[in-house]
Amino acid sequence: MSTAAIALGVAVATPILIKALIGSKGPARAKTIPHADERVVIIGASSGIGSELARIYAGRHAHVVMVARRMELLQQLIQELSSTAGSIHAVQGDVTLPEDVRRITLESLKALNGKVDTLIICAGIISVLPFAELAGIDSAKAATSESDYSHLLPTNADKALEASTRIMNVNYHAPLNLASHFLPALTQTSAAGNIIVVSSMAGKVGAPTRSIYCASKHAAQGFFDALGMEVERTGVHVGIVSPGTVATDLRQSAVDLPKSEVGSSTSPTAPVKVAGTKKGAMTAKACAEGIVRGSDLRQHEVIMPWFYQVSIVLQIVSPSLVRWLAKKKYSYL
């Protein structure tokens, strides 16, 4: 790398690092919407980051609606948090189903007396296999005859397409549909409406073994970047949170692992070993705290931990280094 490139990198990185260390100053949203008056809908609240978000907002005496597929876990959270929350409610539903999204929206509005200030979209799924392995692409497969070219075709193309469709439905189409359903209420019933989307560094930088996951997060990143500009004039803020690795069980629910390998709550199996290290991973609680802080400050971008912000600079200054680091993390050198 040339001296000029290094100097440019330092010049660009310095304000980013300072911003990360001292924090971003945004509008004092709490003056407009006191914590105890905030009406919050958390999508994907039954476990992990979502449940920690519910605990934080309940601790601030906010009015909270928790949405997830697993009602039994939501009920446990209600028992835990009902003494501190201003009010707390559970709505069961599958956000990939249009009819459920409509019902979730109406039930949330009913629980919150027709007003919503903050929508946090935290539900998501992941993929953990290299695309060639998922699609059944075998470069060593031999031809059976001189005129037979079937050995040049993937053996599991349908499986790859099915996994890709499912992950796009959860990570991109569902957040888009949720935004469209909640936007009218955020615009009309809140003095400072927020949509907060929990994305990933995979929405900014690619990584081996995470190809279709990266695709879904890049799609969501692009949509909500643009949506934020479109709705800003209405007073609604859109924030995108891009955490690095978080210590949750997300990997064990990957769309491209056989269900028999992943296990279930009724028939658990040993955790599946997948590529990627959790060394230095954030806790779900620390991630949730960063999300709430970003929402309070109405930050457009929240990248955490802070040192991941350097990778955005490196992507411009030395993309080959970023590729090497990604391959090293996921054991793909």
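**Exercise 1. Find the residues in contact with L53, leaving aside its neighbours within four places in sequence.**

Solution. The model is predicted. Start at L53 and skip those sequence neighbours. The contacts are then I42, I120, C122, A288, I291 and V292.

Next, place L53 in its core. L53 is among the residues with the most contacts inside the largest nonpolar core, which has 33 residues. The others listed are I42, I49, Y57, M66, I120 and I291. At least two residues of this core come from each of β1 (39–43), α3 (48–59), β2 (63–68), α4 (71–81), β3 (87–92), β5 (194–198), α10 (284–297) and β7 (301–304). Another core, of 29 residues, lies apart from it and includes V116, A179, F182 and L183.

**Exercise 2. Check the span of helix α7 (residues 157–189), then locate its kink.**

Solution. Count 33 residues in α7. At 1.5 Å a residue, the expected span is 48 Å. The end C-alpha atoms lie 46 Å apart, which agrees. Now look for the bend. A kink of about 45° is centred on N169.

**Exercise 3. Is T245 buried or exposed, and which side chain does its own side chain contact?**

Solution. First, locate T245: the loop between β6 (237–243) and α9 (259–262). Second, take its relative accessibility, 12%. The cut-off for buried is under 20%, so T245 counts as buried. Third, look for a partner. The T245 side chain makes a polar contact with the side chain of K329, at 2.6 Å.

**Exercise 4. Describe the protein chain as a whole.**

Solution. List the secondary structure: 12 helices and 7 strands. Then take burial: 46% of the 333 residues count as buried. Finish with the surface. The chain exposes about 16,800 Å², and carbon and sulfur atoms supply 58% of it.

Definitions and conventions: Residues numbered from 1 in each chain as written. Predicted model: local features only at pLDDT ≥ 70, side-chain atom pairs only at ≥ 80, totals over all residues. Heavy atoms only, no water. Helix = DSSP H or I, 4+ residues; strand = E, 2+ residues; numbered from the N terminus. Expected span 1.5 Å × (residues − 1). Bend = angle between axes of the 7 residues up to and from the residue. Buried < 20%, exposed > 50% of the residue type's maximum accessible area, 1.4 Å probe, protein only. Polar contact = N/O pair within 3.5 Å; in protein donor to acceptor, adjacent residues only side chain to side chain. Areas by Shrake-Rupley, 256 points an atom, 1.4 Å probe, with all protein chains shown as cover. Core = buried A, V, L, I, M, F, W, Y, C linked by side-chain atoms within 4.5 Å. Contact = heavy atoms within 4.5 Å.
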